[in-house]
Amino acid sequence: MNHFIRLFLSGVLLLTFSGVFSQEQEDRLLQLMKQELKYNMEELKKQESAPYYMNLRVMDDYTVSVTSSFGAVAVSSENHTRMLVPQVRLGSSELDNFKYNQQGGVAGEKSRGAQGVFLPLDDAAPEAIREAIWRETLKRYEFARNMYDQVKTKTSMSVEDEDKAPCFSEAPVEDYYETPVPAEKQKVDIRVWEKRMNEVSAVFKACSVLREGAANFSFQVLRTYFVNSEGTVVVQNRVAARVTLSASLNAADGMNLPLNASYFAYTPDELPDNAQMIADAEDMVKRLLALRDAPVADPYTGPSILSGSASGVFFHEIFGHRLEGHRLKTGGQTFKKMVGEQVLPVEFQVYCDPLLEHYAGTDMYGYYRYDDEGVKARRVDNVVNGVLKEFLMSRIPLDGFPVSNGHGRTSGGGDPVSRQSNLVIETTRPYTEKELRAMLIAEAKKQGKEYGYYFQTVTSGFTYTGEGGSLNSFNVTPLEVFRVFVDGRPDELVRGVDMIGTPLSMFSNITAAGDEPSVFTGVCGAESGWVPVTASSPMIFVSQIETQRRVQARDIAPILPSPQPGNVVVGNTDETIFAAMCSELDRNREALILPRGPKPYYISYTIARYRHFQMIGSLGGLLHSSVSPWRMSGGTQVMLGDYENNSNAQYLEQIAPVQLPSEVDYDVIRRGLWESSDMMYKYSLGMMAQKTNYLQQNPLPADEAGLADMQPLPAVTHLEERAVPFVIDSVAFDRLVMELSAVFKNYKDIYNSSVRLNGLEMDIYRLTTEGVQLKKPGGAISLVVSGSVRCDDGSSLSDSFSLSLQNPAELPSIEQLKERTKVFAEGLLRLKGIPLVAEYYNGPVMFEGGAVATILANNLLNPGGLIATRSLGPTRGGLGNQFGQRIIDSRLTNYINMQVK
């Protein structure tokens, strides 16, 4: 019987393996990556500086993000990209181009947010994929070669490093392939989540003193491909869904007080329902109001308790970052020489486990099977029975730690470095909360303290690990802190606390831990980008901590209260926007004034409602395609004084930005205008004082002193509608850029070719206290075709042609554009063999076509040119001092009268 069971299971495993193997062979992107890696490695090995290692990494990323503020959608986006990032190592593992240039990007050791190159969104254009791989690999090779030359020079002139480990470590060859996420699990209904987030964030509307009240939903399906020259192949998926709630208000003294809540799950269906999130949002409001009225804490040293979630942030910042191996190469060496020594109480266990999917009833955000260097993930026991045992390692080795343990991580275009995953703190001797509080009180009495501290919630902090000469210190920002009195009085909430210190001092004072773990989920930013992490810890007792008082804010409270929400539905889009503008304009005109301050004589509101699109094609492939939903932005002007002498000190439009929702929501539009009006009024007060003081010391000339600062405008209403519909046909636009870019397939000597189509549809609304009411529709589209060639003399030459139009209806037909693209390509090829101008030339030049327009526009149509400007102080240059003089050759006057009058 057992024999038949074994045969059956063997058959199932064989069928499964063969199915996965078959899908791997049919994965066109993976096969192209393998082929191009092999080809590029072979070709570059023919160079004098030959690579000893290369890899290619592709991130196929589908992301949805919805943010709702005070019950209205502020941002809603859906984006799909494919990005390729090569890595090239020259020399040998003992000494290579990354010796002094810390991994993290192609632009140097401080390059955070480095970018790769975008690939077509599907596999239907293999030529475009190959060309992109070749181009980006060559770019990184050239950078690597320059860096390697610098490394060799610096090594010969520098003192030998204390750490003798090589630059790169060996790793086992891996072969792991996950099939793509099923199509039905790759998408979410964005409208459903807009509605859900609106319901949650609407809770915050009821509290008029809140400055922020938002709910954000994010969903990501990330499929990563990794191949290297050693033979490793790893293809894996990551699906993550997250909701974050954030709210804040300002205390009477100006201190900003935020609170946050977050939920994480591997699928959107596993997130909490709205009832729970609404209840949590209501609880956040109550806690914020309590914080607003809490006293400000003074600096403190003494015992404390950290809640589980606060302790998780604490360990992540002050310990986790100091376990990241690459930081121990040149700096951040707090614990480097303490391996085998006691760093925590004997009951404490600390480990990082990226293979941990669930812990304490929570999905773990830092879960993965293979890291971003293709190394199999594994649990790392950093601290065992209080003794430091191991660091988190990428393929950058350390003395005593010669290999990776699967913690090389990155996002975007940077190179991986050692980073945290799921950091877990446990104890073999757990105490109840009651017992920990008793320890806290006893220790406070022992130290002669009136109270100890209980840190309930902590936001993310920052840490300096000693790298680059920085101080070895940390700063964690608690949000809710309570005084626990030794005489039995009720706990007292305080605010304005910053926890500071040095890691060794803090660690020496950790005494005990609780019996219930909490999980903190977040993203961690460092030199290799933002990576998802989780930290889990029980409550901990610390016998001595140090806090400082947060820097006092200087902002005064808003002059007017926030507009009361009425859930008003006014009418269509235009009617709602103008109704919100009018309501807030009337309110601010009458009441926006500080005691003994001036009253505004002029207020102007401008709102732009817009949507944009972008399509990019290369060699017949679609690299990018997006059409944004409608969005809004705006600006507010508040002028003090009068038309003769106002608060405009620079004689430019002084405008405060307006934070507006994407949805046309009367209440939230008013709220944005209220905030920006308050900001602009206070700014104008400062400008008015500066201007008055300047003019007292620097009176204007008599001829200028009589000029008014601003001209009044008569009241007018002009509401214009679009004459021709602005139709965004994404399917047709995708086809346009793919077919135009495919033309370059016939021109093999042209590389880096692309076709970009961008467009913007916009409606502008304006309302002023002068009675000006305007609506103006507008739009613009731009088609840019570009390419590069390698000239006969070895130099590269790039060129482009473009069309600038006002409406998609004005686009020529695809056939006409193809012909123009061919003409452009053939003209670019003709330039290949034209010799470079070497001799100096001084003589006549003929300009024609667009060159004439460009020269005139760049030299004349700018502020200081034919566009008049005014300034309080003296100005130099420009045409202001050349009135009555000829500024261009008289033979051009048949086209335009260039004499300034």
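Guide: A polar contact is a pair of N or O atoms within 3.5 Å; within protein, one must be able to donate a hydrogen and the other to accept it, and residues adjacent in sequence count only if both atoms are side-chain atoms. The structure shown above is a predicted model.

Visitor: How far does the backbone nitrogen of Thr232 lie from a polar atom of the side chain of Asn228?

Guide: Asn228 belongs to strand β5, which covers residues 210–228. A polar atom of the Asn228 side chain lies 3.0 Å from the backbone nitrogen of Glu230. For the backbone nitrogen of Thr232, the distance to a polar atom of that side chain is 3.0 Å.

Visitor: Does Asn228 count as buried or exposed?

Guide: The term buried requires a relative accessible area under 20%. Asn228 has a relative accessibility of 5%, and therefore it counts as buried.

Visitor: How many salt bridges does a search of the whole structure find?

Guide: Such a bridge requires a side-chain nitrogen of Lys or Arg within 4 Å of a carboxyl oxygen of Asp or Glu. When the whole structure is searched for salt bridges, the number found is 49.

Visitor: How many residues apart are Glu127 and Lys745, which form a salt bridge?

Guide: The closest N and O atoms of Glu127 and Lys745 are 3.9 Å apart. Glu127 is in helix α3 (residues 126–157), while Lys745 is in the loop between α12 (730–742) and β33 (750–768). The pair thus links distant parts of the chain, and its separation in residues is 618.

Visitor: What is the relative accessible area of Lys745?

Guide: Its partner Glu127 is partly exposed, at a relative accessible area of 33%. Lys745 is also partly exposed, and its relative accessible area is 30%.

Visitor: Which residue forms a salt bridge with Glu136?

Guide: The partner of Glu136 lies, as Glu136 does, in helix α3, and the two are 4 residues apart, about one turn of the helix. Glu136 is buried, with a relative accessible area of 3%, and the partner counts as buried at 4% relative accessibility. The closest N and O atoms are 3.4 Å apart, and the partner is Arg140.

Visitor: How far apart are the closest N and O atoms in the salt bridge of Lys152 with Asp149?

Guide: Lys152 is partly exposed at a relative accessible area of 39%, and Asp149 is partly exposed at 37%. Both lie in helix α3, 3 residues apart, about one turn of the helix. Their closest N and O atoms are separated by 3.8 Å.

Visitor: Which residues are joined into one network by salt bridges that share partners?

Guide: Shared partners connect several salt bridges here. The network consists of Arg611, Arg722, Glu761 and Asp763.

Visitor: What is the phi of Ala360?

Guide: Most residues other than glycine have a negative phi. Ala360 is found in the loop between β10 (358–359) and β11 (362–363), and it is partly exposed, with a relative accessible area of 45%. Although Ala360 is not a glycine, its phi is positive, at about 55°.

Visitor: Where is Asn385, whose phi is also positive, found?

Guide: Phi of Asn385 is near 50°, and this residue is not a glycine. Asn385 is partly exposed, as its relative accessible area is 40%. Its place is the loop between β12 (380–384) and β13 (387–388).

Visitor: Which residues form a negative surface patch?

Guide: One of them, Asp515, is found in the loop between β24 (510–514) and β25 (518–526). Asp515 counts as partly exposed because its relative accessibility is 41%. The patch is formed by Glu433, Glu435, Asp515 and Glu516.

Visitor: What accessible area does the nonpolar patch that includes Phe847 have?

Guide: Phe847 lies in the loop between α13 (814–830) and α14 (850–860), and it is partly exposed, with a relative accessible area of 43%. The other members of this patch are Tyr841, Val845, Val852, Ile855 and Leu856. Together, the residues of the patch have an accessible area of about 520 Å².

Visitor: How far apart in space are Leu673 and Ser804?

Guide: Leu673 lies in helix α10, residues 666–697, and it is buried, with a relative accessible area of 0%. In sequence, Leu673 and Ser804 are 131 residues apart. In space, their separation from C-alpha to C-alpha is 33 Å.

Terms used: Residues numbered from 1 in each chain as written. Predicted model: local features only at pLDDT ≥ 70, side-chain atom pairs only at ≥ 80, totals over all residues. Heavy atoms only, no water. Patch = residues over 30% accessible without salt bridge, like charges linked within 9 Å, V, L, I, M, F, W, Y side chains within 5 Å. Areas by Shrake-Rupley, 256 points an atom, 1.4 Å probe, with all protein chains shown as cover. Lys, Arg positive; Asp, Glu negative; His and termini not counted. Charge placed at Lys NZ, Arg CZ, Asp CG, Glu CD. Buried < 20%, exposed > 50% of the residue type's maximum accessible area, 1.4 Å probe, protein only.
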